[in-house]
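Let's take a walk through a protein model together. Please keep the sequence and the 3D view at hand as you read.

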Amino acid sequence: MKKIAIVGRPNVGKSSLFNRLVKNRDAITSEQAGTTRDVKRRHFVVNNKEALLLDTGGLDKGCELFDKIKEMSLRAAYAADIILYMVDGKSIPEDEDKKFFYELQAMGKDMALVVNKIDNDKMKENLWDYYEFGTDAIFGISVAHNRNTVELLDWVADKIPEEDTIKEEEEVVEVIREEVESIDDEEFFKNTRDEDDDGFTYWDEDEMDGVITDDSIFGDNDRIKEFDEEDVNHIKIAIIGRTNVGKSSLLNALLGEERCVVSSVAGTTIDPIDETVEYGGKQLTFVDTAGLRRRGRILGIEKYALMRTTEMLENSNMALVVLDASQPFLDLDEKIAGLVDSNRLACIIVLNKWDISKREDHDKIIVEIRDRFKFLSYAPILTLSALTHQRVDKLHDMILEINENYSQRITTSKVNEVIERALRRHTLPSVSGQVIRIYYATQYETRPPKIAIIMNKPSGLHFTYRRYLTNKMREAFNFTGTPLLFKAKKKGEK
């Protein structure tokens, strides 16, 4: 499959063109230079031919971060088959653009000069200045106003071989030129989501008292899901944590390649970056999310990064909660970990930077983590170093094991054996003199495992007894790394 890289200096519209072609507001766009930092990849189809589109960071120099962004972008351009070099048509040609253009052109790849921001007919005159680049493949377009993109799409399609033509039954993202021209610009570029004013929230067991009713945990639409083997074989793993704990370094270590920009600048990652690898017969999709800060410190484009991180967690099965072993733990670490609990995800707590940690007492640190993160008591803890790759190899096997636990279905007879033993050891306390009875229990869903308890008075299942049943189920079956949820119901209740 051909790779097409969109390359250019900052703020020329690369990510906007990328979003236009994949028909989704996938890459974060803003007027701030350096918004795109990592290389974003998506499949797309032009004139019924499939290709891989790469959105790269701006070719600029300056601080350590910008130098690394430039290095990653050039590396993507060298690996691509087709290069779309993008410039800002509102300004005169820059010597720096010519330098990069000629350097890439010397590689002998198919290459087009895309002059963006030619927003009206009068601005077409600016296009003549760019013919001094010495290429015939020059296209004056306006991504924001969706002008004159058809010729560019046809040129790209001509460079993709016929064998990459897709079959009708294949499910891919279609970018046909008629559809691209028909996209509503105002709706496309409008940000339709507002920032949540509630801040981070997480479930604290110590703050929950009294009786928990059905609706406090699940809605009314819980139904048994059909077993989907393909879904079980695809594990979506979000890597989360506060800024500068080493999330991007961990992703690079897991992939065995420099996939993400890593720097000492806090908040380097903005766009969530996902990458899929095959391991043990499973598809593992890792998502490197933006580092989270306290709400009062979230500035500019970071608010979009927070929204994207929230979306990624909603679509994930598992989370790697990354903590910095070389620094004291913060309340913010707990609140970020609370996102795992609220999304009912399988979880591994990753204690990164173990190679530079000055804490010598391993057991003491584990006790501190268990004390701080009580709501993730089911999550195993792994100490490692993403920088030196120390113990990173153990993560893959641990992920597969936890996915099995997260996806397992226990037979009704075995569930009831555990419940019956638990009842014999500690009977349910009565409520206002009324005897509380459990008739039977059954698992009705996986990922995460959910168990329905059929009883005469569901509101009589106190939280402490629910936790007691959870512990007994964990003693009987391997639920390491996964939450285990109970729902109390009456007989005949759906």
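The report below starts with the whole chain and then turns to one sheet, its core and some local details.

## The whole protein

Please bear in mind that this is a predicted model. The protein contains 14 helices and 16 strands. Of its 494 residues, 52% count as buried. The exposed surface comes to about 23,500 Å², and carbon and sulfur atoms supply 45% of that area.

Links across the sequence are well represented too. Among contacts between residues at least 6 apart in sequence, 73% join residues at least 24 apart.

## A six-stranded sheet

A good place to look next is the open sheet of six strands, which has the order S9-S10-S8-S11-S12-S13 and mixed pairing. Its edges are strand S9 (273-279) and strand S13 (381-383), each of which pairs on one side only. On average, neighbouring strands of this sheet are turned by 25 degrees against each other, direction ignored.

Several of the pairings can be followed one by one. Strand S8 (residues 234-240) and strand S10 (residues 282-288) run parallel and share six bridges; within this pair, Ile239 has Asp288 of S10 as its bridge partner. S8 also pairs with S11 in the parallel sense, this time over four bridges, and here Ile237 is matched with Met318 of S11. S11 is in turn joined to S12 by seven bridges, again in parallel, with Val322 standing opposite Val350 in S12. From S11 the chain passes through H10 to reach S12, making a right-handed β-α-β crossover.

## Helices on the sheet

Which strands does helix H8 touch as it packs on the sheet? Helix H8 (residues 247-255) touches S8, S9, S10, strand S11 (318-324) and strand S12 (346-352). The direction of H8 makes about 155 degrees with that of S10.

Helix H10 (residues 331-342) packs on the sheet as well, with S8, S11 and S12 as the strands it touches. The direction of H10 makes about 170 degrees with that of S11.

## Strand S11 and the nonpolar core

Strand S11 deserves a slower look. Seven of its seven residues are buried, so S11 is largely enclosed by the rest of the structure. In a regular strand, side chains alternate between the two faces of the sheet. In S11, Met318, Leu320, Val322 and Asp324 point one way, while Ala319, Val321 and Leu323 point the other way, and all are buried.

Nonpolar side chains tend to be buried together in soluble globular proteins. Here, the largest nonpolar core has 54 residues, and Leu250 and Leu376 touch the most other members. Leaving aside residues up to four places away in sequence, Leu376 touches Val321, Ala337, Val340, Cys347, Ile349 and Arg370.

## Ala112 in strand S5

Elsewhere in the chain, Ala112 sits in strand S5 (residues 110-116). Is Ala112 buried or exposed? Its relative accessible area is 0%, so Ala112 counts as buried, the cut-off being under 20%.

The surroundings of Ala112 include residues from several parts of the sequence. Not counting residues up to four places away in sequence, Ala112 touches Ile83, Leu84, Tyr85, Ala137, Phe139 and Trp155. Phe101 is 11 residues from Ala112 in sequence, and their C-alpha atoms are 9.5 Å apart in space.

## Backbone details in the loops

Most residues other than glycine have a negative phi, and most peptide bonds are trans. With that in mind, three loop positions are worth a visit.

Asn146 has a positive phi, near 55 degrees, and is not a glycine. Asn146 lies in the loop between strand S6 (138-140) and helix H4 (150-159), and is buried with a relative accessible area of 6%. Asn244 likewise has a positive phi, of about 65 degrees, without being a glycine. The loop between S8 and H8 holds Asn244, which is partly exposed with a relative accessible area of 36%.

The remaining stop concerns a peptide bond. Arg447 and Pro448 are joined by a cis peptide bond, with omega at about 0 degrees. Pro448 lies in the loop between strand S14 (438-445) and strand S15 (450-455).

Definitions and conventions. Residues are numbered from 1 along each chain as its sequence is written. This is a predicted model: local features need pLDDT of at least 70, side-chain atom pairs count only at pLDDT 80 or more; totals for chains, interfaces and linings use all residues. Side-chain values use heavy atoms; hydrogens and water are left out. Two strands pair if DSSP finds at least two bridges between them. Helices (H or I, at least four residues) and strands (E, at least two) are DSSP runs, numbered from the N terminus. Axes are lines fitted to C-alpha atoms, for helices over the stretch in contact, and angles run from 0 to 180 degrees between N-to-C directions. Contact means heavy atoms within 4.5 Å. Buried means under 20% relative accessible area, exposed over 50%, partly exposed in between (1.4 Å probe, protein chains only). Accessible areas come from the Shrake-Rupley method with a 1.4 Å probe; for residues, only the protein chains shown count as cover. A crossover is right-handed if, with the strands pointing away from the viewer, the path from the first strand over the helix to the second runs clockwise. A nonpolar core is a set of buried Ala, Val, Leu, Ile, Met, Phe, Trp, Tyr and Cys residues joined through side-chain atoms within 4.5 Å.
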